[in-house]
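Morning, everyone. Please look at the screen, and keep the sequence beside the structure while I talk.

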Amino acid sequence: PLGKVSSSMGVSEYPSHCHDPEGLVKAADEALYQVKSTSRNRVCLASVPEDFQIDFEPMKVQPYEEKKR
């Protein structure tokens, strides 16, 4: 046996957290740092910067309704 394996992850989402690939990686890295500084074996979602302005119009989507057979 090699012992326990743990997994810590930082997650960011485009375009809700950033405008470019570098910002996406930076946000995920900062979220990962939060996990590693407080605990292990967890997932942390990146925070949206206070000055971040979205550059897209969110699309309204109808809820999914499962068809009866």
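I will go through the model piece by piece, starting with the ground rules.

This is a predicted model, so to speak of local features we need pLDDT of at least 70, side-chain atom pairs count only at pLDDT 80 or more, and totals for chains, interfaces and linings use all residues. Residues are numbered from 1 along each chain as its sequence is written, and side-chain values use heavy atoms, with hydrogens and water left out.

Let's begin with the strands. Helices (H or I, at least four residues) and strands (E, at least two) are DSSP runs, numbered from the N terminus. Strand 1 covers 9-11 and strand 2 covers 43-45. Which residues make the nonpolar surface patch? They are Met9, Val11, Val43 and Leu45, and the patch is about 360 Å². Each of the two strands supplies at least two residues of it. A patch takes residues with over 30% relative accessible area and no salt bridge; like charges are joined within 9 Å, and nonpolar side chains (Val, Leu, Ile, Met, Phe, Trp, Tyr) within 5 Å. The areas come from the Shrake-Rupley method with a 1.4 Å probe, and for residues only the protein chains shown count as cover.

Now take one member, Leu45, in strand 2. Is Leu45 buried or exposed? Exposed, because its relative accessibility is 57%. The cut-offs: buried is under 20% relative accessible area, exposed is over 50%, and partly exposed is in between (1.4 Å probe, protein chains only).

Next, the segment before strand 1. Val5 lies there, and so does Ser8. Val5 counts as exposed because its relative accessible area is 77%. Val5 and Asn41 are 36 residues apart along the chain, yet their C-alpha atoms are separated by 8.7 Å. Asn41 sits in the loop between helix 1 (21-38) and strand 2. Asn41 is not a glycine, but it has a positive phi of about 60 degrees.

Ser8 reaches Asn41 too. A polar atom of the Ser8 side chain lies 3.2 Å from the backbone nitrogen of Asn41. A polar contact is a pair of N or O atoms within 3.5 Å; within protein, one must be able to donate a hydrogen and the other to accept it, and residues adjacent in sequence count only if both atoms are side-chain atoms. Leaving aside neighbours within four places in sequence, Ser8 is in contact (heavy atoms within 4.5 Å) with Leu32, Val35, Arg40, Asn41 and Arg42.

On to helix 1. How many salt bridges are there? One. A salt bridge is a side-chain nitrogen of Lys or Arg within 4 Å of a carboxyl oxygen of Asp or Glu. Here the side chains are those of Lys26 and Glu30, at 3.9 Å, N to O. They are four residues apart in helix 1, so about one helical turn separates them. Lys26 is exposed at 54% relative accessibility, while Glu30 is partly exposed at 45%.

Now Pro15, in the loop between strand 1 and helix 1. Not counting residues up to four places away, Pro15 touches Phe52 and Phe56. Pro15 and Phe56 are 41 residues apart in sequence and 8.2 Å apart in space, C-alpha to C-alpha.

Last, the cysteines. How many disulfides does a search of the whole structure find? Zero. A disulfide is a pair of cysteine sulfur atoms within 2.5 Å. For Cys18, the nearest cysteine sulfur is that of Cys44, 15 Å away. Cys18 counts as buried because its relative accessibility is 5%.
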